[in-house]
Amino acid sequence: MENQVLTPHVYWAQRHRELYLRVELSDVQGLTLLPRLECSSVIIAHCSLELLGLSSPPGSAYQVGLQVPFAVTHISFFIAQGHGAKGDNVYEFHLEFLDLVKPEPVYKLTQRQVNITVQKKVSQWWERLTKQEKRPLFLAPDFDRWLDESDAEMELRAKEEERLNKLRLESEGSPETLTNLRKGYLFMYNLVQFLGFSWIFVNLTVRFCILGKESFYDTFHTVADMMYFCQMLAVVETINAAIGVTTSPVLPSLIQLLGRNFILFIIFGTMEEMQNKAVVFFVFYLWSAIEIFRYSFYMLTCIDMDWKVLTWLRYTLWIPLYPLGCLAEAVSVIQSIPIFNETGRFSFTLPYPVKIKVRFSFFLQIYLIMIFLGLYINFRHLYKQRRRRYGQKKKKIH
């Protein structure tokens with residue numbers, strides 16, 4: 001005897017773009033959606049899925065996308081065999097939707113039910129599911145997924161905002177990616193500076209060990225090109241502080257950049273008489289001694305490494321080296337004043353009616369005062385850094 005054909009319980013819900021149908025059938029053994037061309041020119045979607053020969057257990061889930069050559073439909077015809085309210089039977093139903101839908105539903109078969117997702121052709125809210133105003137007896141709302149129109153709109157806006165945020169993050173890069181890029185960029189910058197100043201330091205040390213005091217007088221011609229490169233590249237360090245790539249204060253970085261470049265490019269670079277003086281050796285040697293520890297410390301910080309010996313050297317060696325460096329710079333300025341007076345370089349005469357000759361040595365004397373003012377600012381900044389790092393915590397008085 002053939003099984004009696006019955007109608008299963010069907011529960012539905014909707015969103016602006018989708019319809020959800022939940023068919024209460026368990027242990028489904030076959031599912032068929034039959035094609036039919038109605039006299040009213042309505043096209044029926046078609047899918048045939050035979051589950052009897054599958055080796056997967058009944059509890060497995062299957063997803064099937066329907067591929068049909070037609071553009072739209074608004075009728076769905078369902079036939080399946082399974083266990084429903086009337087036991088093991090063939091169950092069927094058909095629905096004529098309120099409006100057109102895309103003929104590409106997705107089915108998910110589980111051990112207890114059949115879930116169907118249907119895409120609406122036009123994204124809008126339907127007042128009901130079917131064309132007929134009277135609801136079929138087998139159809140009921142799916143309150144587990146039910147939303148009213150306002151809640152559905154909020155959900156739609158949230159999904160759209162999430163999608164836009166995802167696109168924005170993909171275009172701009174995630175915060176973690178940007179952090180890694182920043183660390184990589186700073187690591188390469190510090191590495192280049194470390195290698196440059198290390199080359200200068202090692203070169204001067206080896207030459208002094210071999211030649212002794214004779215190496216003082218040709219220091220500029222030996223390492224000037226590398227020092228030019230490192231000091232011009234140091235502009236990047238001030239820019240990084242100014243735009244927030246690093247947390248370093250801008251003023252100390254700017255003072256050191258301008259002060260060193262003034263000594264290098266104006267005092268040494270423009271006056272050949274200064275290039276052969278021994279003070280050049282001490283200025284370059286002290287600069288490089290300071291920077292090889294500073295840049296190596298920053299380099300390891302970028303990769304989250306903390307070498308305690310290097311950290312101590314970075315926060316301690318500046319105490320003697322910075323004053324000695326400023327003293328060497330002041331000596332070079334003092335030695336250059338007679339040379340600038342003799343050559344008249346960078347001196348100028350004020351226009352009529354003043355006609356006073358202003359010697360460049362006047363600005364050098366002012367610069368001497370600024371050297372020690374800059375030393376105070378940088379020394380104070382470095383002292384605060386060291387105190388934050390190694391300062392002893394005050395004991396609480398009970």
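Which helix gives the most to the lining of the second largest cavity? Hold that thought for a moment.

Quick housekeeping: this is a predicted model, where local features need pLDDT of at least 70, side-chain atom pairs count only at pLDDT 80 or more, and totals for chains, interfaces and linings use all residues. Residues are numbered from 1 along each chain as its sequence is written, and side-chain values use heavy atoms, with hydrogens and water left out.

Okay, cavities. By that I mean sets of points on a 1 Å grid over the protein atoms alone where a 1.4 Å probe fits but cannot get out, with lining residues having an atom within 4 Å of a point. There are three of 30 Å³ or more, and the second largest holds about 90 Å³, the volume being the space filled by probe spheres set on the points. Its lining has 14 residues, and the closest to its centre are Ala-234, Glu-237, Gln-256, Leu-257 and Arg-294. So, back to my question: helix 5 gives the most, with four residues. Helices here are DSSP runs (H or I, at least four residues), numbered from the N terminus.

Now the largest nonpolar core, meaning buried Ala, Val, Leu, Ile, Met, Phe, Trp, Tyr and Cys residues joined through side-chain atoms within 4.5 Å; buried is under 20% relative accessible area with a 1.4 Å probe, protein chains only. This core has 47 residues, and Phe-284 is among those with the most contacts inside it. Helix 7 supplies the largest share, 11 residues.

Leaving aside neighbours within four places in sequence, Phe-284 touches residues including Ile-200, Phe-220 and Phe-268, contact being heavy atoms within 4.5 Å.

Key:
On a 1 Å grid over the protein atoms alone, a cavity is a set of points where a 1.4 Å probe fits but cannot get out, and a pocket is an open set with protein on both sides within 12 Å along at least five of seven lines; lining residues have an atom within 4 Å of a point. Helices (H or I, at least four residues) and strands (E, at least two) are DSSP runs, numbered from the N terminus. Buried means under 20% relative accessible area, exposed over 50%, partly exposed in between (1.4 Å probe, protein chains only).
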